[in-house]
Amino acid sequence: MNGNRLERLDGSIYLCGFMASGKSTLGKALAKELKWDFRDLDSVIEQKESMAITEIFREKGEAYFREKEREYLLSLTMEFKGIVALGGGALQDQRIVDHLKVHGLLVFVDTPMEQIVERVYESEERPILFDESGKIKSKETLFTELKTLYSGRIEFYKQAQITIKTSLFTSVQEMAEAVKDKILRHV
């Protein structure tokens, strides 16, 4: 029965949320739970551009990255059915949100800002961690900047058909099972 219900879902399941919210980790677990394929949009970009995200930001700028992010995301919606972990800024405008909701199901991975700051602070792969001179920002500065960035994106995240609050779960597996249950109730 559950398999039949999932077949009714026309398109992919797109995990959205702020950077370091756990979209990729949850996406892999959910893909395993549903026996679907998984793609991480940032990894797709890195593969297609033959550069790490940090290099793209440094060498070509954020505008170039966002253009490529949009291009590769739109092509994924047409060529792939499975679980897709979006980048934190992939929902750039209302048209992208609407497009994803037409071509699948949007799931908001809602993670507390304190946890996001800790994860970003521990990962040197995040361009926002560094100031103009290449030094690591203070946690206070990082928190303020992330909060500002988040406030500009939350309106898009909240339009997801399903929201999962990560703070309510003790394991990724438990969270994946909860998302699966919510998806099955939705379709």
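**Exercise 1. Across which strands does helix H9 lie, and at about what angle does helix H9 run to S5?**

Solution. The model studied here is a predicted one. Begin with the helix itself, which spans residues 172–186. Following helix H9 over the sheet, one finds that it lies across S1, S4 and S5, and that its direction is at about 160 degrees to S5.

**Exercise 2. Work out the order of the strands in the open sheet, and name the edge strands.**

Solution. The open sheet has 5 strands, and their order is S2-S3-S1-S4-S5, with parallel pairing. At the edges stand strand S2 (38–40) and strand S5 (162–165), each of which pairs on one side only. From one strand to the next, the twist averages 20 degrees.

The pairings can then be followed across the sheet. S2 pairs with strand S3 (residues 83–85) in the parallel sense over 3 bridges, and here Asp 40 stands opposite Ala 85 of S3. S3 pairs in turn with S1, in the parallel sense and over 3 bridges, where Ala 85 in S3 is the bridge partner of Leu 15. S1 also pairs with S4, in the parallel sense over 5 bridges, and in this pairing Tyr 14 stands opposite Leu 106 of S4.

**Exercise 3. Determine how many residues of S1 are buried, and which of them point one way and which the other.**

Solution. Start with the general pattern, which is that side chains in a regular strand alternate between the two faces of the sheet. In S1, Ser 12, Tyr 14 and Cys 16 point one way, whereas Ile 13 and Leu 15 point the other way. As for burial, S1 is mostly covered, with 5 of its 5 residues buried.

**Exercise 4. Describe the largest nonpolar core: how many residues does it have, and which elements each supply at least two of them?**

Solution. The largest nonpolar core has 38 residues, and those with the most contacts inside it are Leu 86, Leu 91, Leu 106 and Leu 146. The elements that each supply at least two residues include strand S1 (12–16), strand S4 (104–110), helix H3 (41–49), helix H6 (94–102) and helix H7 (113–121). Helix H4 (53–60), helix H5 (62–79) and helix H8 (139–157) are also among them, and H8 gives the most, with 6 residues.

Next, take Leu 146 as a single example from this core. Leaving aside residues up to four places away in sequence, Leu 146 touches Phe 18, Met 19, Met 113, Ile 116, Val 117, Val 120 and Ile 128. Apart from the largest core lies another, of 25 residues, among them Leu 30, Ala 31, Ile 164 and Val 179.

**Exercise 5. Is Ala 31 buried or exposed, and which residues does Ala 31 touch?**

Solution. Ala 31 has its place in helix H2. Its relative accessibility is 5%, and since buried means under 20%, Ala 31 counts as buried. Leaving out residues up to four places away in sequence, Ala 31 touches Trp 36, Asp 37, Phe 38 and Ile 83. Ala 31 and Ala 176 are 145 residues apart in sequence, while their C-alpha atoms are 8.6 Å apart in space.

**Exercise 6. Explain why the aromatic pair of Phe 18 and Tyr 150 is edge-to-face, and contrast it with the pair of Phe 57 and Phe 65.**

Solution. The structure holds 4 aromatic pairs. In the pair of Phe 18 and Tyr 150, the ring centres are 5.3 Å apart and the planes stand at 90 degrees; because planes over 60 degrees apart count as edge-to-face, this pair is edge-to-face. The pair links distant parts of the chain, with Phe 18 in the loop between S1 and helix H2 (23–34) and Tyr 150 in helix H8, 132 residues apart. Both Phe 18 and Tyr 150 are buried, and ring pairs link them with Phe 108 and Tyr 157 into a cluster.

Phe 57 and Phe 65, by contrast, form a tilted pair, at 4.9 Å centre to centre and with 40 degrees between the planes. Phe 57 is partly exposed, with a relative accessible area of 23%, whereas Phe 65 is buried, at 3%.

**Exercise 7. At what angle do H4 and H5 pack, and which residues make the contact?**

Solution. The two helices pack at an angle of about 130 degrees, and their axes are 7 Å apart. That angle makes H4 oblique to H5. On the H4 side the contact is made by Ile 53, Ile 56, Phe 57 and Lys 60, and on the H5 side by Glu 62, Tyr 64, Phe 65 and Arg 66.

Technical notes:
Residues numbered from 1 in each chain as written. Predicted model: local features only at pLDDT ≥ 70, side-chain atom pairs only at ≥ 80, totals over all residues. Heavy atoms only, no water. Core = buried A, V, L, I, M, F, W, Y, C linked by side-chain atoms within 4.5 Å. Buried < 20%, exposed > 50% of the residue type's maximum accessible area, 1.4 Å probe, protein only. Helix = DSSP H or I, 4+ residues; strand = E, 2+ residues; numbered from the N terminus. Contact = heavy atoms within 4.5 Å. Pairing = 2+ DSSP bridges. Axes fitted to C-alpha atoms, helices over the stretch in contact; angles between N-to-C directions. Phe/Tyr/Trp six-rings, centres within 6.5 Å; stacked < 30°, edge-to-face > 60°. Parallel < 35°, antiparallel > 145°, perpendicular 65-115°, else oblique.
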